[in-house]
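Reader: Please give a close look at one part of this model, the sheet and the segments around it. I would like the pairing of the strands, then any unusual backbone geometry.

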Amino acid sequence: MTGPPPLFSPAKLTVKSGNAVFFLSNMSHGSGHTLAIGPVDRSSHCAKSSMVAIGDTAAFTVQGLKPGTYAFWCTVDNHAAEGMVGTITVLP
């Protein structure tokens with residue numbers, strides 16, 4: 001791999017339960033990215049954005065988030081293994 005590894009900034013988010021809108025801006029130079037949300041172990045996802053191309057920004061609405069702690073990650077190639085992960089705390 002050339003250049004820095006992919007990452008999310010910020011990597012820790014807090015939102016209220018219910019519906020939440022996430023904005024994904026791809027400022028990388030390497031590839032498109034996605035945003036998946038699911039359990040902390042990333043064994044599955046309850047929501048996933050479409051691919052966001054280099055230089056693009058997309059709004060991603062997740063409905064019905066329940067209180068708890070979730071992971072978010074990029075599902076492209078090995079981006080999550082390289083550190084493109086984060087956590088979401090959903091408050092009541």
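Author: Two strands count as paired if DSSP finds at least two bridges between them. A strand here is a DSSP run of E of at least two residues, numbered from the N terminus. The model is predicted, with local features needing pLDDT of at least 70, side-chain atom pairs pLDDT 80 or more, and totals for chains, interfaces and linings using all residues. Residues are numbered from 1 along each chain as its sequence is written, and side-chain values use heavy atoms, with hydrogens and water left out.

Strand β6 covers residues 68-73 and strand β7 covers residues 85-91. The two run antiparallel and are joined by six bridges. Within this pair, Gly68 faces Val90, a residue of β7.

The β6 and β7 pair belongs to an open sheet of five strands. Read across the sheet, the order is β1-β7-β6-β3-β4, so β7 sits between β1 and β6, while β6 has β3 on its other side. The pairing in the sheet as a whole is mixed. At the two edges are β1, residues 12-16, and β4, residues 47-48. Each of these edge strands has a partner on one side only.

Next comes the backbone, starting at the β1 edge. Pro10 lies in the segment before β1. The peptide bond between Ser9 and Pro10 is cis, with omega of about 5°.

At the other edge, the loop between β3 (36-38) and β4 holds Arg42. Arg42 is not a glycine, yet its phi is positive, at about 55°. The relative accessible area of Arg42 is 37%, and the residue is partly exposed. On this scale buried is under 20%, exposed is over 50% and partly exposed is in between, with a 1.4 Å probe and protein chains only.

Another positive phi, near 40°, belongs to Asp77, which is also a residue other than glycine. Asp77 is placed in the loop between β6 and β7, the two strands that share six bridges. With 70% relative accessibility, Asp77 counts as exposed.

These three sites are picked out because most residues other than glycine have a negative phi, and most peptide bonds are trans. In order along the chain, the features are the cis bond of Ser9 and Pro10, the positive phi of Arg42 and the positive phi of Asp77.

Technical notes. Helix = DSSP H or I, 4+ residues; strand = E, 2+ residues; numbered from the N terminus.
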